[in-house]
Amino acid sequence: MDRKKSNELVLKEANLERSLIKTIRQRQLQILGHICRRKGLEHLAVTGKIEGKRIRDIDECRGSQFYSCPENSTCVNTQGNYTCDCLLGYAKDSQNVVCIDIDECRGSQFYSCPENSMCVNTQGNYTCDCVLGYAKDSQNVVCIDVDECTDPASFSCPANSTCANHEGGYTCDCEAGYVKQNNLCVDLVLCEGQTCPAYSTCAVDGDGTSSCVCQNGYTLQNDTCEG
Ligand SMILES: [Ca+2]
Ligand SMILES: [Ca+2]
């Protein structure tokens, strides 16, 4: 009888002790949480694991359930929290909330483009595109002159002229016996001896004859070119 009663008493006391320990631990956690919150470590108080008397930081970035970062940013773990740092080529907007593309081409400190190329902004980066008359070399690094004269589709020259390549472009040089007038190569013989009024030049017409053509900005009035 006494022995049975004694067992019940022992059990009762043990349960009481467990309950007491549980209460004490809960109270400890509450105090710990309070301290963490006061030190600005709310997140740690919620997700941190207690190891003895120390609090171990949770690496939120290892589990997508712990963090939420906007587009074009990456999670960076910190002690007791995490930050969302913008990816390379992006920066926080004026509200310091989302990461927006940096227009590198707007500031020479952001980009470096080789000679004969220009900066073109892209999402998260920029490219250096060759200016007109140039194309990337075989290594796709620097911009070198295009020899337009080697490709008929790349140049347009009038009759009686030949294409001549130059750095960054090309010219149409008149063949022997022809001279350049109004971007056409006219026959020296046909215009030879022909007198043209002021502000006009001799030009060979399509039918093989010659005539006087007023210069740009002048019109023919009473056989004279007037501006
Ligand atoms: Ca950019
Ligand atoms: Ca060229």
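In this predicted model, the end C-alpha atoms of residues 57–96 lie 26 Å apart, and the span contains 0% helix and 38% strand. This span is one of those covered by the annotation "domain: EGF-like" in an unreviewed UniProt entry, which also lists residues 101–140, 145–186 and 187–226. Two of the annotated spans are set side by side below.

| Span | Distance between end C-alpha atoms | Helix | Strand |
|---|---|---|---|
| Residues 57–96 | 26 Å | 0% | 38% |
| Residues 101–140 | 25 Å | 0% | 40% |

**The protein as a whole**

The protein has three helices and 18 strands. Of its 227 residues, 7% count as buried. Among contacts between residues at least 6 apart in sequence, 15% join residues at least 24 apart.

The mean pLDDT is 83, and 82% of the residues reach 70 or more. Among the elements, strand E10 (residues 143–145) has the highest mean pLDDT, at 97, whereas helix H2 (residues 42–47) has the lowest, at 46. Over residues 42–47 the pLDDT stays under 50, and the model has 13 contacts beyond four places in sequence for them. Where pLDDT is low, the predicted coordinates should not be read in detail.

**A hairpin of two strands**

Strand E11 (residues 161–166) and strand E12 (residues 169–174) run antiparallel and are joined by six bridges. Within this pairing, Ala164 of the hairpin stands opposite Thr171 in E12. Two residues lie between E11 and E12 in the hairpin, and Gly168 in the turn has a positive phi of about 85°.

**The largest nonpolar core**

Six residues make up the largest nonpolar core: Cys174, Tyr178, Cys185, Val186, Cys202 and Val204. Strand E14 (184–187) and strand E15 (200–204) are the elements that give two or more residues to this core. In soluble globular proteins, nonpolar side chains tend to be buried together. Leaving aside neighbours within four places in sequence, the contacts of Cys202 include Val186, together with Gln181, Cys191, Gln194, Cys196, Ser210 and Cys212.

**Asn182 in its loop**

Asn182 is placed in the loop between strand E13 (178–181) and E14. Is Asn182 buried, partly exposed or exposed? Asn182 has 13 other C-beta atoms within 10 Å; a residue is exposed at 12 or fewer and buried at 20 or more, so Asn182 is partly exposed. Beyond four places in sequence, Asn182 is in contact with Thr201, Ala203 and Val213. Asn182 and Asn216 are 34 residues apart in sequence, and their C-alpha atoms are 8.7 Å apart in space.

Note on methods. Residues numbered from 1 in each chain as written. Chains lettered and ligands numbered in written order. Predicted model: local features only at pLDDT ≥ 70, side-chain atom pairs only at ≥ 80, totals over all residues. UniProt positions renumbered as here; feature names shortened; annotations may be inferred. Helix = DSSP H or I, 4+ residues; strand = E, 2+ residues; numbered from the N terminus. Core = buried A, V, L, I, M, F, W, Y, C linked by C-beta atoms within 7 Å. Contact = placed C-beta atoms within 7 Å. pLDDT = per-residue confidence, 0-100. Pairing = 2+ DSSP bridges.
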